[in-house]
Amino acid sequence: AVIYHNDCEKHYIKRHPECPSRYTSILDTLQKYYLKKNTRTTSSSNSSNNNNNNNSKCDFVEAPFVTEEQVIRFHTKDHWDKLMNLCEESEMIAKTSTKKQRRGEFGIVSIDCDTNIMPDTRNAMLRAAGAVCLA
């Protein structure tokens, strides 16, 4: 199965390789060659392409949200709390600002030089970890 969720498309940091077009390109290619049951919904123009050049097909399954309990099996409670607080900080910046928000440029909270949280990160992060637990 390919475990995915469209919430992961929404995590976007300007000028970073992890971007929505990379995510949708990978999913579109997987769907094109391996789709068994059309459970995927996306705004991508190629999402209805059902060409199959391989006999090995698989299902596309939406990722659930990970639970705090699942995360703290592998990470500390402090790590979970820190990430949730950073997500809340980013979301609050976006909600309370009088500036016009532009995708990938506003409400960004940096964890380190390559890891950033933006207003849509929480759901993407929770779905990505949920996919790992489901797998």
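## Report on the largest pocket and its surroundings

The largest pocket holds about 750 Å³ of space. Its lining consists of 35 residues, and those closest to its centre are Glu-18, Thr-121, Ala-124, Met-125 and Ala-128. The structure described here is a predicted model.

Several elements contribute to this lining. At least two residues each are supplied by strand 1 (2-4), helix 1 (20-34), helix 2 (68-71), helix 3 (77-96), strand 4 (116-117) and helix 4 (121-134). Helix 4 provides the largest share, with eight residues. By class, the lining of the largest pocket comprises 25 nonpolar, eight polar and two charged residues.

The pocket belongs to a chain whose secondary structure amounts to four helices and four strands. Read from the N terminus, the order of these elements is β-α-β-α-α-β-β-α. The chain has 135 residues, of which 36% are buried. Among contacts in the chain with a separation of 6 or more, 55% join residues that lie 24 or more positions apart.

Helix 4 merits a description of its own. This helix contains 14 residues and spans 20 Å between its first and last C-alpha, close to the 20 Å expected at 1.5 Å a residue. Its buried residues are Thr-121, Ala-124, Leu-126, Arg-127, Gly-130 and Ala-131. These buried residues pack against strand 1, helix 3 and strand 4. In an α-helix there are 3.6 residues a turn, so residues three or four places apart point the same way.

The packing of helix 4 with helix 3 can be described further. The axes of the two helices are 9 Å apart and form an angle of about 150 degrees. On the side of helix 3, the residues that take part are Trp-80, Leu-83, Met-84, Cys-87, Glu-88 and Glu-91, and they meet Arg-122, Met-125 and Leu-126 in helix 4. This contact is made up of six nonpolar, no polar and three charged residues. Met-125 thus appears in the contact with helix 3 and also among the residues closest to the centre of the largest pocket.

Helix 3 also contains Ser-90. Ser-90 counts as buried because its relative accessible area is 0%, and the cut-off for a buried residue is under 20%. Apart from neighbours within four places in sequence, Ser-90 is in contact with Gly-107, Val-109, Ile-117, Met-118 and Pro-119. One of these partners, Ile-117, falls within strand 4 (116-117).

Two further residues show how positions separated in sequence are placed in space. Ala-135 lies in the segment after helix 4. With a relative accessible area of 79%, Ala-135 is exposed. Tyr-34, by contrast, is located in helix 1 and counts as partly exposed at 29% relative accessibility. The table lists the C-alpha separation of each from a partner residue.

| Residue pair | Separation in sequence | C-alpha to C-alpha distance |
|---|---|---|
| Ala-135 and Ile-3 | 132 residues | 7.6 Å |
| Tyr-34 and Asp-59 | 25 residues | 8.0 Å |

Ile-3, the partner of Ala-135 in the table, falls within strand 1 (2-4), one of the elements that line the largest pocket.

Conventions. Residues numbered from 1 in each chain as written. Predicted model: local features only at pLDDT ≥ 70, side-chain atom pairs only at ≥ 80, totals over all residues. Heavy atoms only, no water. 1 Å grid on protein atoms, 1.4 Å probe; cavity = no way out; pocket = protein on both sides within 12 Å on 5 of 7 lines; lining within 4 Å. Points joined across faces, edges and corners; volume = space filled by probe spheres on them. Nonpolar A, V, L, I, M, F, W, Y, C, P; charged D, E, K, R; others polar. Buried < 20%, exposed > 50% of the residue type's maximum accessible area, 1.4 Å probe, protein only. Contact = heavy atoms within 4.5 Å. Axes fitted to C-alpha atoms, helices over the stretch in contact; angles between N-to-C directions. Expected span 1.5 Å × (residues − 1).
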